[in-house]
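The dialogue below takes a learner through the reading of strands, burial, chain dimensions and an interface, with each idea followed by its case in the structure shown here.

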Amino acid sequence: MKLYNGGKIITGLVIFLGLFLTPLAYNAGKAAYSQPKLKMPEIEKECIESKETMRTKHMQILNEWRDSALRDGKRVYVNSKGKEFEISLQNTCMKCHTNKAEFCDKCHNDASVTPYCWDCHIQPEGLKK
Amino acid sequence: MNHTRRNFLKFAGLTAAGLCVASAWSVMAAAAKSATEKVSEKALQAKRWAMVIDTKRVGTKEAIDVLAKACHAVHNVPDIPGRQNVKWIWGAGFDEAFDQPNNFMDESVEKREFVLLCNHCASPSCVRVCPTQATYQRPDGIVAMDYHRCIGCRYCMAACPYGSRSFNFMEPRLHLDLSKLNKEFPTRMRGVVEKCNFCVELLAKGKMPACVEASQGALVFGDLSDPASEVRKVLREHYTIRRKPALGTEPSVYYII
């Protein structure tokens, strides 16, 4: 069997594979991704739900909170243990998590997500010009 | 045991019933344990919120400015010079407010300024035209907005016959005093429409709207569906009019002339 234009094809394949594998080569020898260290609240030990629930479901909870407070007028959240909280990002979440840069932004930056919460809601650090 | 059709059907029926009960039980058990939302016990509630404005008592620019300052401070409403200003509550003369010009009006009414705000209509035209349901009518009659959903198409502004809605042509935070923000309430962003919300967030905490608190009794707020309420009492005792009643939107804001 004869490979026509073999030189060009092999060179092309080598270049392609080289480019394709650059990310692997680039990251070789670097430490694996580790979860960022978050600044946890000092005044409160327990969030509205368990840590695992909050980590995976806080976006859905916030969506449900928004619709419940705005559309149904239900502004009190009763968690699975029966404890009550005011439904409010600014007045409940951020009263404990008093630092957006040290809490929200850490994971959001790593995951490359930019939620638009703070276009309108006021972060606890306040706003600067 | 003999395998008859009758026995087979009995067994199949029992199994099906058992499966139904078991699944219903697990759903109910999960519902009992999971989190819920409810209305606060402190919240003020009504079938239809309404406001009566005594225009004899708040009839000047200065008096209306006091109300506007109180409202705009609570809700982080920016003050933008020119035609792109955002306003939740403001003042205007009789002709502009009521659309029934009169050449020979008595002097006191002719010179009076009238408090204008969203009328929280019973059949709101803004709600009918909103393509995303960003503006909607709550069961208590308040026409509210969900700024998360607003796409800034401004159909509602075209539909509102009272000019109650303002568009954020620019980033509102550029025109707010950032050191004096009310940190309990959000601001808005560029590209959304905003308006008076009858202070739903204060009613939910058992407080009266900010303008009513600042008016020293000139603005009365209450439940229109309750004959014993303060608003109904005031409406019985005074002659009142509403803005542009011929349009059929049924405003909830009444003016004592």
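**Strands, burial and a shared sheet**

A: Strand β2 of chain B and strand β9 (residues 219–223) of chain B pair in the antiparallel sense over five bridges, where strands (E, at least two residues) and helices (H or I, at least four) are DSSP runs numbered from the N terminus, and two strands pair if DSSP finds at least two bridges between them. This is a predicted model, in which local features need pLDDT of at least 70 and side-chain atom pairs count only at pLDDT 80 or more, while totals for chains, interfaces and linings use all residues. Residues are numbered from 1 along each chain as its sequence is written, and chains are lettered from A and ligands numbered from 1 in the order in which they are written.

Q: Which residue stands opposite Trp49(B) in β9(B), and in which sense does β2(B) pair with strand β11 of chain B?

A: Trp49(B) stands opposite Asp223(B). With β11(B) (residues 253–256), β2(B) pairs in the parallel sense over four bridges, and there Val52(B) has Tyr254(B) opposite.

Q: How is burial read, and how many of the residues of β2(B) are buried?

A: A residue is buried if 20 or more other C-beta atoms lie within 10 Å of its own, exposed if 12 or fewer, and partly exposed in between, with C-beta atoms placed from the backbone. In β2(B), residues 49–54, six of the six residues are buried. Both faces are covered, with Trp49(B), Met51(B) and Ile53(B) on one side and Ala50(B), Val52(B) and Asp54(B) on the other.

Q: Why does Val74(B) count as buried, and which residues does Val74(B) touch?

A: Val74(B), which lies in helix α2 (residues 61–74) of chain B, is buried because 20 other C-beta atoms are within 10 Å. Contact is judged from C-beta atoms placed from the backbone, which must lie within 7 Å; leaving aside residues up to four places away in sequence, Val74(B) touches Asn182(B), Phe185(B) and Ala210(B). The C-alpha atoms of Val74(B) and Lys233(B), by comparison, are separated by 29 Å, with their positions 159 residues apart along the chain.

Q: Which residues have the most contacts inside the largest nonpolar core?

A: A nonpolar core is a set of buried Ala, Val, Leu, Ile, Met, Phe, Trp, Tyr and Cys residues joined through C-beta atoms within 7 Å. The largest has 63 residues, and Leu67(B), Ile89(B) and Val115(B) have the most contacts inside it. Beyond four places in sequence, Ile89(B) touches Leu67(B), Ala68(B), Cys71(B), Val115(B), Leu117(B), Cys196(B) and Cys211(B).

Q: How should the dimensions of each chain be read, and what is the radius of gyration of chain B?

A: The radius of gyration is taken over C-alpha atoms, and the globule rule used for comparison is 2.2 Å times the number of residues to the power 0.38. Chain B has nine helices and 11 strands. Its radius of gyration is 26 Å, well over the 18 Å that the rule gives for 257 residues, so chain B is more spread out than a compact globule. The C-alpha atoms of chain B fill a box of roughly 105 × 45 × 35 Å along the principal axes, and 36% of its residues count as buried.

For chain A the radius of gyration is 24 Å, whereas a compact globule of 129 residues would have one near 14 Å. The C-alpha trace of chain A spans about 75 × 35 × 30 Å along its principal axes, and 11% of its residues count as buried. Chain A has six helices and two strands, in the order α-α-α-β-β-α-α-α from the N terminus.

Q: How many residues of chain B are in contact with chain A, and which element gives the largest share of that side of chain B?

A: There are 24 residues of chain B in contact with 22 residues of chain A. The largest share of the chain B side, three residues, comes from strand β1 (residues 36–38) of chain B. That side divides into 10 nonpolar, five polar and nine charged residues, where Ala, Val, Leu, Ile, Met, Phe, Trp, Tyr, Cys and Pro count as nonpolar, Asp, Glu, Lys and Arg as charged, and the others, Gly among them, as polar.

Q: What is the order of the strands in the open sheet that includes β1(B)?

A: The three strands run in the order β2(A)-β1(A)-β1(B), with antiparallel pairing. At the edges stand β2(A) (84–86) and β1(B), each with a single partner strand, so one side of each is left without a neighbour in the sheet. Three bridges join β1(A), residues 76–78, to β1(B), with Val76(A) opposite Lys38(B). Three bridges also join β1(A) to β2(A), where Tyr77(A) stands opposite Phe85(A).

Methods:
Two residues are in contact if their C-beta atoms, placed from the backbone, lie within 7 Å.
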